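User: I'm new to this structure and would like a close look at one part of it. Could you walk me through the surroundings of the ligand, and then point out a few other features worth finding on screen?

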Amino acid sequence: MSRFICSECGAISAIRTGKCNVCGSWGTVMQDISASAPNVADSNSERVSVRSVDVVPPERIKSGITELDRVLGGGWVSGGVTLLGGQPGIGKSTLLLQTAGVMAQKGLRVLYISGEESASQVALRARRLGADSENLYLFCSTNLEKAISEVNGHNTEFVVLDSVQAMRAPEEAGWAGTPNQVRAVAQMIVDVAKSKNVPAVLVGHITKEGRLAGPMLLEHMVDTVLIFTGEGYSSYRMLRAQKNRYGTTDELGVFEMGERGLIPVDDKSALYWNRADALVPGVSMTVALEGSVPLIAEIQTLCTATTFSYPRRTARGIDVNKLHLLAAVVEKRASIPCANYDIYLNIAGGLSIQDPSADLAACAAIVSAAIGKPLPPDCCFLGEVGLAGEVRPVTRVGLRLREAAKLGFTNAVISAREKKDEFPLGINVVRVKSLNDAIREYLV
Ligand code: TYD
Ligand code: MG
């Protein structure tokens with residue numbers, strides 16, 4: 001009996017529908033021709049007591065790029081498969097070519113399989129990046145079977161496959177990039193990586209909505225999923241692990257894309273805000289959570305004397321009703337005459353924040369703008385503000401503080417009710433009960 005699979009979410013159904021019943025996407029449900037994917041675990045295995053199992057730390061091979069090694073948890077894992085996702089042009093091929101070059105220069109036999117670019121294109125880029133080496137081999141074709149035999153044939157020690165959507169598994173039906181093909185390609189790479197005990201990296205494309213293209217199953221098949229992001233206008237790139245079977249998913253790698261490829265950024269404090277010489281009133285920093293990913297956000301406000309009978313409130317990046325509410329709290333609890341001001345609030349960089357943890361930063365920015373006194377640039381504000389002007393705890397404060405510390409913040413203002421054990425080293429934490437406490441700390 002045939003079955004159908006959605007290329008967006010991987011949902012399986014018995015009939016073909018125009019719209020996926022699970023994720024609601026149109027035109028993504030296609031016939032699933034493949035057999036079900038083989039199980040990773042050994043089917044003949046027997047039960048064991050957890051205590052009797054030898055715990056062997058995974059064997060790691062350094063990528064040679066500091067920020068990448070940190071995100072991976074110390075380097076590539078032998079036999080482990082990593083999926084590197086990111087939007088087109090973000091620098092996935094560049095990053096992998098650079099690590100491939102460094103590893104080859106250290107003497108490892110590296111195979112870079114490209115189904116997207118010709119050998120001369122890749123070689124030209126490798127030369128420009130200083131990544132060329134005798135041990136770096138290119139295989140530029142979309143034929144996966146041949147690529148696998150190259151891996152098998154030459155004692156390859158590190159494999160890059162760029163990209164999982166461009167390659168085609170000849171035995172499988174369908175165009176390259178269809179769910180069946182993506183799954184078959186990934187499975188063949190997983191198999192060869194495990195059988196040869198070499199690390200392999202797959203490049204994966206990302207849809208407009210920011211999801212990895214292809215079946216969800218892809219993320220389950222690999223050991224590590226790395227996501228490479230960046231804002232269009234900025235040369236900075238962020239690397240995070242979304243899934244990591246061999247390490248944490250807390251680490252953040254930062255790179256700058258330049259003339260000669262990606263340069264690891266050690267000092268992250270220069271990323272988001274101006275250093276002390278350009279302090280402006282009305283600017284505050286916070287760490288919002290997007291899913292489980294912490295994001296530093298800069299809140300900018302402008303307060304001008306109103307000429308309207310109702311003062312204007314304009315918000316970009318947060319709900320305007322939220323701004324009305326916070327302005328009322330600031331007026332009533334911090335005695336700032338907000339009714340006399342038009343207030344404009346903007347989250348810099350086009351971010352949009354629903355997280356109430358940004359309340360305190362927004363209030364601090366409004367007060368700072370109204371009284372014309374800047375906030376310190378190395379301080380972030382994390383708290384929900386209630387109608388009584390009280391500062392309430394936020395979810396996962398430890399994760400947010402770690403992110404802030406990683407990016408060079410030295411001070412954080414949080415609710416006095418946060419539990420103590422969550423605080424990381426390297427950041428001075430100021431605990432406040434109310435908005436007024438926070439104002440007294442920095443704006444009086
Ligand atoms: P690329 O690695 O091809 O992106 P992806 O594989 O994620 O699609 O990077 C493409 C962009 O990076 C391209 O627009 C040019 C820019 N770039 C540089 O600015 N400097 C460089 O040294 C390289 C190689 C690329
Ligand atoms: Mg590419």
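Analyst: Here is a tour that starts at the ligand, moves on to the helices and ends in two loops. Please keep in mind that this is a predicted model.

Let's begin with the shell of residues around ligand 1. There are 16 of them, and those that come nearest are G89, K92, S93, T94 and G258. If you sort the shell by residue type, you get 4 nonpolar, 7 polar and 5 charged residues.

Now zoom in on the protein backbone, where oxygen atoms of the ligand find polar partners. At G89, a polar backbone atom is 2.7 Å from an oxygen atom of ligand 1. G261 also takes part: one of its backbone N or O atoms lies 2.8 Å from an oxygen of ligand 1. For G91, the corresponding distance from a backbone N or O atom to a ligand oxygen is 3.0 Å. How much of ligand 1 does the protein bury? Taken alone, the ligand exposes 550 Å², and 71% of that is buried by the protein.

Which elements give two or more residues to this shell? They are helix α2 (92-105), helix α3 (119-128) and strand β13 (252-258). Of the contributors, α2 gives the most, with 3 residues.

Since α2 and α3 both belong to that group, their packing deserves a look too. Their axes are 10 Å apart, and the helices pack at an angle of about 65°. That angle makes α2 roughly perpendicular to α3. As for handedness, α2 and α3 cross in a right-handed way.

Another helix pair to find is α7 (residues 320-333) with α8 (residues 359-371), whose axes come within 10 Å and cross at roughly 60°. The two helices, α7 and α8, are therefore oblique to each other. Here, too, you can check the handedness: α7 passes α8 in a right-handed crossing.

Finally, let's visit two loops with backbone details that are easy to miss. Following α7, in the loop that leads to β18 (341-347), you will find S335. This residue has a positive phi of about 50°, although S335 is not a glycine. The other detail is the link between D162 and S163, which is a cis peptide bond with an omega of about 5°. To locate S163, look in the loop between β9 (158-162) and α5 (179-196).

Definitions and conventions
Residues are numbered from 1 along each chain as its sequence is written. Chains are lettered from A and ligands numbered from 1 in the order in which they are written. This is a predicted model: local features need pLDDT of at least 70, side-chain atom pairs count only at pLDDT 80 or more; totals for chains, interfaces and linings use all residues. Side-chain values use heavy atoms; hydrogens and water are left out. A residue is near a molecule or strand if one of its heavy atoms lies within 4 Å of it. A polar contact is a pair of N or O atoms within 3.5 Å; within protein, one must be able to donate a hydrogen and the other to accept it, and residues adjacent in sequence count only if both atoms are side-chain atoms. Accessible areas come from the Shrake-Rupley method with a 1.4 Å probe; for residues, only the protein chains shown count as cover. Helices (H or I, at least four residues) and strands (E, at least two) are DSSP runs, numbered from the N terminus. Ala, Val, Leu, Ile, Met, Phe, Trp, Tyr, Cys and Pro count as nonpolar, Asp, Glu, Lys and Arg as charged, and the others, Gly among them, as polar. Axes are lines fitted to C-alpha atoms, for helices over the stretch in contact, and angles run from 0 to 180 degrees between N-to-C directions. Angles under 35 degrees count as roughly parallel, over 145 as roughly antiparallel, 65 to 115 as roughly perpendicular and the rest as oblique. A crossing is left-handed if the near helix is turned anticlockwise from the far one by less than a right angle, and right-handed if clockwise.
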